[in-house]
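Subject: The structure I promised you

Hi,

Here is the structure we talked about, with my notes below it. Have a look at it before you read on.

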Amino acid sequence: MTYGPEGAVRPDIDAVRSEALGCTKCRLAEGRTQVVWADGNLDANLLFIGEGPGFHEDKHGLPFVGAAGQLLDRLLGEIGLDRSQAAIVNVVKCRPPGNRDPLPDEIEACRPYLEAQLAHMQPDVIVTLGNFATQFILDQRIGITRARGRRYDRRGATVIPTFHPAAALRGGRFGGTNPIDAIRADLQEVKKALEEAARARQGEGANAVGTEDHGEQLGLF
Ligand code: SF4
């Protein structure tokens, strides 16, 4: 089954996970230790999407467990969140050999799994970490340095692209910006976007109650 961006199907995510764990649809199956499905909470309102598993992720079967993961946890903590309040996944679920970039056909082969995760979660906020996740979600060939610093509306969510923590740890400046400071600033936007989404939901709830009340009033006359 495919789970397109407009797909009305809310997948049986446990069944999709089981399918993914045995997947051999692309050459990345050959070198992996295990499929890295997700970490955190797939019922949360916030989704982080990285690129693909690295050495430590492949060994542990979880995304973002090395130094990049520790940085992400620390920066998440600064906005008062932890992994139980977000899901963390990758564009490809198996480690590319030598940590090379995933190839276009590998990303396409793995697409149904990320589409299923998106369709299941329907998150309020999606944070794309680095080029590959950003291009996947924006459906646009755009580099992260140019993409970040603004919000996008895609798939019913607010999309906030930021640097991949692993790239940030490699140091240097991206377009004159310190990448860790940039991620920190982008996570402040994430916090605001989550608060806005929560307020909007509360407003919808209040309006629904208001409509019912109004209906009752009308019914009295
Ligand atoms: S990367 Fe994705 S498509 Fe390729 S083998 Fe792993 S789970 Fe299957």
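Let's start at one pair: Asp 153 has Thr 158 as its bridge partner in strand 6. Before I go on, a word on what you are looking at. This is a predicted model, where local features need pLDDT of at least 70 and side-chain atom pairs count only at pLDDT 80 or more, while totals for chains, interfaces and linings use all residues. Residues are numbered from 1 along each chain as its sequence is written.

Back to that pair. Strand 5 (residues 152-154) and strand 6 run antiparallel and pair over 3 bridges; strands count as paired if DSSP finds at least two bridges between them. The two form a hairpin with 2 residues between them, and Arg 155 in the turn has a positive phi of about 55°. Strand 6 also has a parallel partner, strand 4 (residues 125-129), joined to it by 5 bridges. In that pairing, Val 127 is matched with Ile 160 of strand 6.

How many residues of strand 6 (residues 157-162) are buried? The count is 6 of the 6, so the strand is largely enclosed by the rest of the structure. Here, buried means that 20 or more other C-beta atoms lie within 10 Å of the residue's own, exposed means 12 or fewer, and partly exposed is in between, with C-beta atoms placed from the backbone. In a regular strand, side chains alternate between the two faces of the sheet. In strand 6, Ala 157, Val 159 and Pro 161 are on one side and Thr 158, Ile 160 and Thr 162 on the other, and both faces are covered.

Moving along from strand 4, you get to strand 2. These two are parallel and joined by 4 bridges, with Leu 47 opposite Ile 126 in strand 4. Strand 2 is largely enclosed by the rest of the structure too, because 5 of its 5 residues are buried. Leu 46, Phe 48 and Gly 50 point one way from strand 2, and Leu 47 and Ile 49 the other way.

Strand 2 (residues 46-50) is also parallel to strand 3, with 4 bridges between them, and Phe 48 stands opposite Ile 88 there. In strand 3 (residues 87-90), Ala 87 and Val 89 point one way, Ile 88 and Asn 90 point the other way, and all are buried. Strand 1 (residues 39-40) pairs with strand 3 in the antiparallel sense, over 2 bridges. Gly 40 is the residue opposite Ala 87.

Now the overall picture. The chain has 9 helices and 6 strands; these are DSSP runs, with helices being H or I of at least four residues and strands E of at least two, numbered from the N terminus. Its radius of gyration is 19 Å, close to the 17 Å that the globule rule gives for 221 residues, so the chain is as compact as a globular protein of that length. (That radius is taken over C-alpha atoms, and the rule is 2.2 Å times the number of residues to the power 0.38.) Along the principal axes, the C-alpha atoms fill a box of roughly 75 × 45 × 30 Å. Buried residues account for 40% of the 221.

Next, the inside. The largest nonpolar core has 46 residues, and Leu 47, Ile 49, Ala 87, Val 125 and Ile 126 touch the most other members. Helix 5 (residues 104-121) gives the most to this core, with 8 residues. Apart from it lies another core of 6 residues, among them Ile 144 and Phe 163. A nonpolar core is a set of buried Ala, Val, Leu, Ile, Met, Phe, Trp, Tyr and Cys residues joined through C-beta atoms within 7 Å.

There is a ligand as well. Which residues come nearest to it? Of the 14 around the ligand, they are Cys 23, Cys 26, Ala 29, Cys 94 and Cys 110; a residue is near if its C-beta atom, placed from the backbone, lies within 6 Å. Helix 5 supplies the largest share of the shell, 3 residues.

Finally, one residue on the outside: Ala 15, in helix 1 (residues 13-21), counts as exposed because it has 11 C-beta neighbours inside 10 Å.

Cheers
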